[in-house]
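Trainee: Hi! I have a new structure to look at today. Could you walk me through it?

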Amino acid sequence: MYLEHVNLTVSDLDRSKSFYCDVFDFRVRWEGKATANGQPVRAAHVGDARCYVALFEALIPG
């Protein structure tokens with residue numbers, strides 16, 4: 001058994017992608033836009049052929 005993916009909301013998408021690629025030797029599998037609370041957000045999937053981390057950049061109120 002294994003965990004296929006995990007969703008995380010992050011404050012800095014670029015920094016988070018770099019962390020997971022550097023520490024776990026993952027690669028960016030997909031990058032684009034997603035929707036959170038009806039607003040577009042930057043998103044990326046980093047992982048390998050078996051599993052990935054789905055990263056969503058947090059909406060900063062303002």
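Trainee: What is the order of the strands in the sheet?

Mentor: Keep in mind that this is a predicted model. The sheet is an open one of four strands, and the order is E1-E4-E3-E2, with mixed pairing.

Trainee: Which are the edge strands?

Mentor: Those are E1 and E2, the latter covering 27–36, and each of them pairs on one side only. From one strand to the next, the twist averages 25°.

Trainee: How do strands pair in general, through what kind of bonds?

Mentor: Strands of a sheet pair through backbone hydrogen bonds, and the pairing can be parallel or antiparallel.

Trainee: OK, so E2 and E3: parallel or antiparallel?

Mentor: Antiparallel, over nine bridges, with E3 spanning residues 39–47. To find one spot on that pairing, look at Arg27, whose bridge partner in E3 is Gly47.

Trainee: Now the helix. Which strands does helix H1 lie across?

Mentor: Helix H1, residues 13–24, lies across E1, E2, E3 and E4, where E4 is 52–57. H1 runs at about 10° to E3.

Trainee: Let's pick a residue there. Is Ser16 buried or exposed?

Mentor: Ser16 sits in helix H1, and it counts as buried because its relative accessible area is 13%, under the 20% cut-off.

Trainee: What is Ser16 in contact with, leaving aside its neighbours within four places in sequence?

Mentor: With Val10 and Leu55.

Trainee: And Thr35, buried or exposed?

Mentor: Thr35 lies in strand E2. Thr35 counts as exposed because its relative accessibility is 64%, and the cut-off for exposed is over 50%. The C-alpha atoms of Thr35 and Leu55 are separated by 12 Å, with their places 20 residues apart along the chain.

Trainee: Changing topic: how many salt bridges does a search of the whole structure find?

Mentor: Four. Asp14, Lys17, Glu31, Arg42 and Glu57 are linked in a network of them.

Trainee: Let's start with Asp14. How far apart are the closest N and O atoms in its salt bridge with Lys17?

Mentor: They are 3.5 Å apart. Asp14 and Lys17 are separated by about one helical turn, because they are three residues apart in helix H1.

Trainee: Are those two buried or exposed?

Mentor: Asp14 is partly exposed, at 38% relative accessibility. Lys17 is buried, with a relative accessible area of 12%.

Trainee: Which side chain meets Asp14 in a salt bridge of 2.8 Å, N to O?

Mentor: That is Arg42. This pair links distant parts of the chain, as Arg42 is in strand E3 and Asp14 in helix H1, 28 residues apart. Arg42 is partly exposed, at 27% relative accessibility.

Trainee: Back to Lys17. What is the distance between the closest N and O atoms in the salt bridge with Glu31?

Mentor: It is 2.6 Å. Glu31 lies in strand E2 and Lys17 in helix H1, so this salt bridge ties together parts that are 14 residues apart in sequence. Glu31 is partly exposed, at 41% relative accessibility.

Trainee: One last thing, the surface. Which residues make the nonpolar patch?

Mentor: Leu3, Val6 and Leu8 make it, and the patch is about 240 Å². Leu8 is in strand E1, residues 5–10, and is partly exposed, with a relative accessible area of 30%.

Trainee: Thanks, that helps a lot!

Conventions: Residues are numbered from 1 along each chain as its sequence is written. This is a predicted model: local features need pLDDT of at least 70, side-chain atom pairs count only at pLDDT 80 or more; totals for chains, interfaces and linings use all residues. Side-chain values use heavy atoms; hydrogens and water are left out. Patches are made of residues with over 30% relative accessible area and no salt bridge: like charges are joined within 9 Å, nonpolar side chains (Val, Leu, Ile, Met, Phe, Trp, Tyr) within 5 Å. Accessible areas come from the Shrake-Rupley method with a 1.4 Å probe; for residues, only the protein chains shown count as cover. Helices (H or I, at least four residues) and strands (E, at least two) are DSSP runs, numbered from the N terminus. Buried means under 20% relative accessible area, exposed over 50%, partly exposed in between (1.4 Å probe, protein chains only). Two strands pair if DSSP finds at least two bridges between them. Axes are lines fitted to C-alpha atoms, for helices over the stretch in contact, and angles run from 0 to 180 degrees between N-to-C directions. Contact means heavy atoms within 4.5 Å.
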